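Hi everyone, thanks for making time for this. I'd like to walk you through one structure today, starting with a single residue and working outwards. Have a look at it on the screen first.

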Amino acid sequence: MRASVVGDLFKTSIAVEAVHNRGLRSERMDPALRSYVGVALDRPVHAAGLILPLHFDLRSTRQQSGQGVEANGRLSVATRSVAASLVGGWSRFQSSDGMTRESATAGLLVSGRAGKVRLRGEVHWRLTPDPTLMGVQLTANRSLGATDMVQISANYAAGEKKVAIDAAYARDFGPAALTLNLSGDSHRAVAIGLGLTFSVGPGANGRFGRVRSASQARGGGLLVRAFHDLDGNGRRDAGEPPFADPVGVLVNDLPLPARLRGDEARDIELDGLSPATPIKIALDEASLSDPFDIPSNPGVLVTPRAGLHEVVELGVSPSASVEGTLAMNGRALAGETIELLTMDGTSAYRARTEFDGMFSFERVRYGRYRLKVAQGRHPQVEQIVELGQARSMARLGVIDVGTVQRMAAR
């Protein structure tokens, strides 16, 4: 059994989780765990014109071997050039035979940038028992173009009284990545390594044999395809061909850069997506060469799955137009609101009549609509309009509100 509560109280984010386990074994659950209760608090602290994120969590666990309590805290600060975090932790574990172990630690993490070099440093201390310095680590890396990277790191381990230096060069070729490592330490150990990293997984169309340098098991992927949505229903039906011209894609309403999708690519591949995180995928209407073509829908919400490459098909539909004239007992009605409603009552398009009562809707998706006219001081009039391949231009003629009113009275 698992229960969780999340919320916001007095500008503090609160998360509470409780688990009771009776032998379940899964990827997230150790069968030795009997119960778990955790509370996490996050609050931004304002000081000296800065926002300091403060985090604290407290966890209590009960296992077959005993019971434990653990508390952790973190205070962070960030400027334009430097980010730092002060962390601390305390834990206590009482085993089933009555023995108790207790420890407390502290650490400082600093990261920043000096020109084109990114720097990161960590220092860790043990506070109890026997206060001492546990270790220091310094790392510097720099990108050499879009595919090359150099990194140098130095590490001091107090427990082993050892200083180690490691240098690495990596180059990403797309299907595979090549890495060269050189390392040595104060104990006179020297090592050299050459590594080739690649991942083989299913292709975007379901075939096996797709190779990438990044792990395909940790992230999800999508293959976006456009098709001619001839009936405008948003679904790819039998006989609807693929869209011939390259199209652009919006990911969470932002255009995908051309270098990621290829200027001439018809099928657009998205790799390395965070699994279980929904994203919105839509066609970029500005990328369609024919001004009368429009996306069949405003987009779809897709949840990538780790290790899978799913296909997303988005329709490109021809558009239709609707025009007519609104009158009242033979006189033109100007400035009146006209709407095209979907059959469930949602307003899809809106326009106003001109000085001569004429109205026009352009680039309307295929489908059935209700034309709603004469709001406010005039009686409401509705008319069914159906648009499709057989009727891409609907000329409704003169719609006389007075005539409709008299007919309704009779």
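**One residue, then the whole chain**

Let's begin with Gln 67, which touches Thr 61, Arg 62, Arg 92, Phe 93 and Gln 94, if we leave out residues up to four places away in sequence. Please keep in mind that this is a predicted model. Gln 67 sits in strand 5, which covers residues 66-78. Is Gln 67 buried or exposed? Gln 67 is exposed, because its relative accessible area is 51% and the cut-off for exposed is over 50%. We can also relate Gln 67 to Thr 100: the two are 33 residues apart in sequence, and their C-alpha atoms are 9.6 Å apart in space.

Now let's zoom out. The protein has 2 helices and 30 strands. How does its radius of gyration sit against the globule rule? The radius of gyration is 32 Å, well over the 22 Å that the rule gives for 410 residues, so the protein is more spread out than a compact globule. If you prefer box dimensions, the C-alpha atoms fill roughly 100 × 50 × 50 Å along the principal axes.

On to surface and burial. Of the 410 residues, 30% are buried. The protein exposes about 25200 Å², with carbon and sulfur atoms supplying 56% of that area. As for contacts, take those between residues at least 6 apart in sequence: 42% of them join residues at least 24 apart.

**The cavity**

How many cavities of 30 Å³ or more does a search of the whole structure find? The search finds 1. The volume of the largest cavity is about 30 Å³. Its lining is made up of Leu 283, Pro 295, Ser 296, Asn 297, Leu 314 and Gly 315. By type, that lining divides into 3 nonpolar residues, 3 polar ones and no charged ones.

Let me pick two residues from that lining. Gly 315 lies in strand 23, residues 309-328. Gly 315 is buried, because its relative accessible area is 3% and buried means under 20%. Leaving aside residues up to four places away in sequence, Gly 315 touches Phe 227, Asp 229, Leu 283, Ile 294, Pro 295 and Ser 296. Among these partners, Leu 283, Pro 295 and Ser 296 also line the largest cavity. For a long-range distance, Gly 315 and Asn 181 are 134 residues apart in sequence and 48 Å apart from C-alpha to C-alpha.

The second one is Asn 297, found in the loop between strand 21 (293-295) and strand 22 (300-302). How exposed is Asn 297? Asn 297 is partly exposed, with a relative accessible area of 22%. Beyond its neighbours up to four places away in sequence, Asn 297 touches Gly 234 and Arg 365. Asn 297 and Thr 79 are 218 residues apart along the chain, and 42 Å separates their C-alpha atoms.

**The pockets**

Next, the open sites. The largest pocket holds about 360 Å³ of space. Which of its 20 lining residues are closest to its centre? They are Arg 212, Ala 214, Gln 216, Asp 271 and Gly 272. Strand 15 (208-212), strand 16 (220-228) and strand 19 (268-273) are the elements that each give two or more residues to this lining. Sorted by type, the lining of the largest pocket has 5 nonpolar, 11 polar and 4 charged residues.

The second largest pocket has about 270 Å³ of space. Its lining residues include Met 1, Arg 2, Glu 17, Val 19, His 20 and Tyr 36. Two elements give two or more residues to it, strand 2 (12-20) and strand 3 (33-47). Which element supplies the largest share? Strand 2 does, with 3 residues. The lining of the second largest pocket divides into 6 nonpolar, 2 polar and 4 charged residues.

Let me finish with a residue from strand 2, namely Thr 12. Thr 12 is buried, with a relative accessible area of 14%. Apart from neighbours within four places in sequence, Thr 12 is in contact with Gly 7, Leu 41, Asp 42 and Arg 43.

That's my tour, and I'm happy to go back to any part of it.

How values were computed: Residues numbered from 1 in each chain as written. Predicted model: local features only at pLDDT ≥ 70, side-chain atom pairs only at ≥ 80, totals over all residues. Heavy atoms only, no water. 1 Å grid on protein atoms, 1.4 Å probe; cavity = no way out; pocket = protein on both sides within 12 Å on 5 of 7 lines; lining within 4 Å. Points joined across faces, edges and corners; volume = space filled by probe spheres on them. Nonpolar A, V, L, I, M, F, W, Y, C, P; charged D, E, K, R; others polar. Helix = DSSP H or I, 4+ residues; strand = E, 2+ residues; numbered from the N terminus. Rg over C-alpha atoms; globule rule 2.2 N^0.38 Å. Buried < 20%, exposed > 50% of the residue type's maximum accessible area, 1.4 Å probe, protein only. Contact = heavy atoms within 4.5 Å. Areas by Shrake-Rupley, 256 points an atom, 1.4 Å probe, with all protein chains shown as cover.
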